[in-house]
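Hello! Here is the structure I promised to pass on to you. Have a look at it first, and then read on for what turned up in it.

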Amino acid sequence: MDKLSDPVSQNLHHSRLMQRRGIKSLLLLLLCASVYGAMVYYLNGEPEVMMSEVEPVFVSQCLTAPGGQALDKAGRIRVGVWNIYKQQKRGWQQDLTELARRSELMLLQEAKLNAGFHQYLDGSSLHLVMAKAFSLLKSPVGVMNLATQQARDACAYHAVEPWIRFAKSTLISRYPLSNGQTLLVVNLHGINFDWQLKSYRAQWQQIVQKINLHQGPVILGGDFNTWRGQRMAYIEQLAHRLRLKEAVYEVDKRHRVFGYPLDHLYYRGLSLEAAESFTSSASDHNPIWAEFRLRPLMH
């Protein structure tokens with residue numbers, strides 16, 4: 001009898017064949033994971049900041065600019081917050097222009113510094129600060145401040161998504177104010193794919209110390225990805241510890257997932273005059289806008 005015609009031999013042969021295929025599949029999966037990891041690591045790069053719209057070069061984690069005028073106008077600071085969805089939808093230029101018309105400072109998330117955005121900046125008088133998260137087709141993507149005045153200094157920070165491994169960025173910058181104080185501005189795009197919140201908490205701890213040490217007004221805004229109660233409770237706990245208040249909106253059209261808003265604007269050492277969130281078809285998020293007043297200094 002042929003060995004392979006024996007049922008026992010056939011089962012053994014089939015088992016060995018499946019084992020070899022399993023090993024090959026595992027090796028292929030490991031190879032793909034290794035290539036993907038190397039590719040994402042290359043795209044993420046290092047946490048770097050850029051604060052020159054003339055020559056957009058990312059050279060270091062922190063940068064300082066000489067001089068600088070007060071950001072506020074006669075004690076008034078108007079702020080916009082918007083996840084701009086990499087400018088993938090039509091009409092983003094018009095909506096961003098409208099937000100800029102009524103703002104001294106805009107905090108953008110998922111901003112893509114491509115040719116179209118360069119063209120938009122060329123037609124404006126806005127000053128740019130950007131923390132790169134990663135690059136797509138040589139176009140940096142990350143969080144960005146657009147303001148009527150240049151920042152005094154800025155630093156970029158990275159947090160890597162546990163599953164997809166792409167980085168999320170945080171931008172911490174400071175702007176001079178007319179009363180001699182310095183405004184600390186934190187622009188954050190929160191980690192999304194982290195059920196246990198270990199990486200999410202670690203990302204926030206990068207900025208807690210910066211806010212704690214700052215003497216003066218603070219603005220904290222961005223897409224925090226607070227799509228469940230545990231995330232929202234953690235942010236509220238941090239806000240209480242840092243003495244931050246969340247803007248209260250007269251009209252609240254913020255994008256929500258499972259009933260929770262993703263985008264937020266917190267503040268400290270300022271007086272809130274007005275706040276709203278309005279609809280936009282130019283992104284999968286709706287913008288936030290708020291007006292603040294400087295508080296009189298205590299002598």
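**Two loop residues to start with**

Tyr85 is partly exposed, because its relative accessible area is 26%, a value between the 20% and 50% cut-offs. Please keep in mind that this is a predicted model. You will find Tyr85 in the loop that runs between β3 (76–83) and α2 (92–101). Its backbone has a positive phi of about 60°, although Tyr85 is not a glycine.

Phe258 also has a positive phi, near 55°, and is a residue other than glycine. Look for Phe258 in the loop between β12 (256–257) and β13 (260–261). Is Phe258 buried or exposed? Its relative accessibility is 67%, so Phe258 counts as exposed.

**The whole protein**

Now step back for the overall picture. The protein has five helices and 16 strands. There are 299 residues, and 49% of them count as buried. The accessible surface adds up to about 15,300 Å², and carbon and sulfur atoms hold 55% of that. Among contacts with a separation of 6 or more, 69% are between residues 24 or more positions apart.

**A covered strand**

Next, find strand β14, which spans residues 263–268. How many of its six residues are buried? The count is six of six, and the strand is mostly covered. In a regular strand, side chains alternate between the two faces of the sheet. For β14, one side carries Asp263, Leu265 and Tyr267, while the other carries His264, Tyr266 and Arg268, and all of these are buried.

Which strands pair with β14? Strand β10 (residues 218–223) runs antiparallel to β14 and is joined to it by six bridges. Strand β11 (residues 245–246) pairs with β14 in the antiparallel sense too, over two bridges. Tyr266 is a good residue to click on here: Leu220 stands opposite Tyr266, and so does Glu246.

**A cavity inside**

Rolling a probe the size of a water molecule over the atoms shows where empty space is left. Searching the whole structure gives one cavity of 30 Å³ or more. The largest cavity holds about 40 Å³ of space. Two residues you have just met, Leu220 and Tyr266, help to line it, together with Trp204, Ile235, Leu238, Ala239, Leu242 and Leu244. Helix α5 (residues 229–242) gives the largest share of this lining, with four residues. By type, the lining has eight nonpolar residues, no polar ones and no charged ones.

**The largest pocket**

There is also a largest pocket, with about 300 Å³ of space. Its lining has 24 residues, and those nearest the centre are Lys86, Glu110, Lys168, His189 and Asn225. Strands β5 (127–136), β6 (139–147) and β8 each supply at least two residues of the lining. Which types of residue line this pocket? They divide into eleven nonpolar, seven polar and six charged.

**A buried threonine**

Last stop: Thr170, in strand β8 (residues 167–176). Why does Thr170 count as buried? Its relative accessibility is 0%, and the cut-off for buried is under 20%. Apart from its neighbours within four places in sequence, Thr170 is in contact with several residues, including Ala131, Val143, Tyr157, Leu188 and Ile207.

Enjoy exploring, and best wishes!

Technical notes
Residues are numbered from 1 along each chain as its sequence is written. This is a predicted model: local features need pLDDT of at least 70, side-chain atom pairs count only at pLDDT 80 or more; totals for chains, interfaces and linings use all residues. Side-chain values use heavy atoms; hydrogens and water are left out. Buried means under 20% relative accessible area, exposed over 50%, partly exposed in between (1.4 Å probe, protein chains only). Contact means heavy atoms within 4.5 Å. Accessible areas come from the Shrake-Rupley method with a 1.4 Å probe; for residues, only the protein chains shown count as cover. Two strands pair if DSSP finds at least two bridges between them. On a 1 Å grid over the protein atoms alone, a cavity is a set of points where a 1.4 Å probe fits but cannot get out, and a pocket is an open set with protein on both sides within 12 Å along at least five of seven lines; lining residues have an atom within 4 Å of a point. Grid points are joined across faces, edges and corners, and a volume is the space filled by probe spheres set on the points. Ala, Val, Leu, Ile, Met, Phe, Trp, Tyr, Cys and Pro count as nonpolar, Asp, Glu, Lys and Arg as charged, and the others, Gly among them, as polar.
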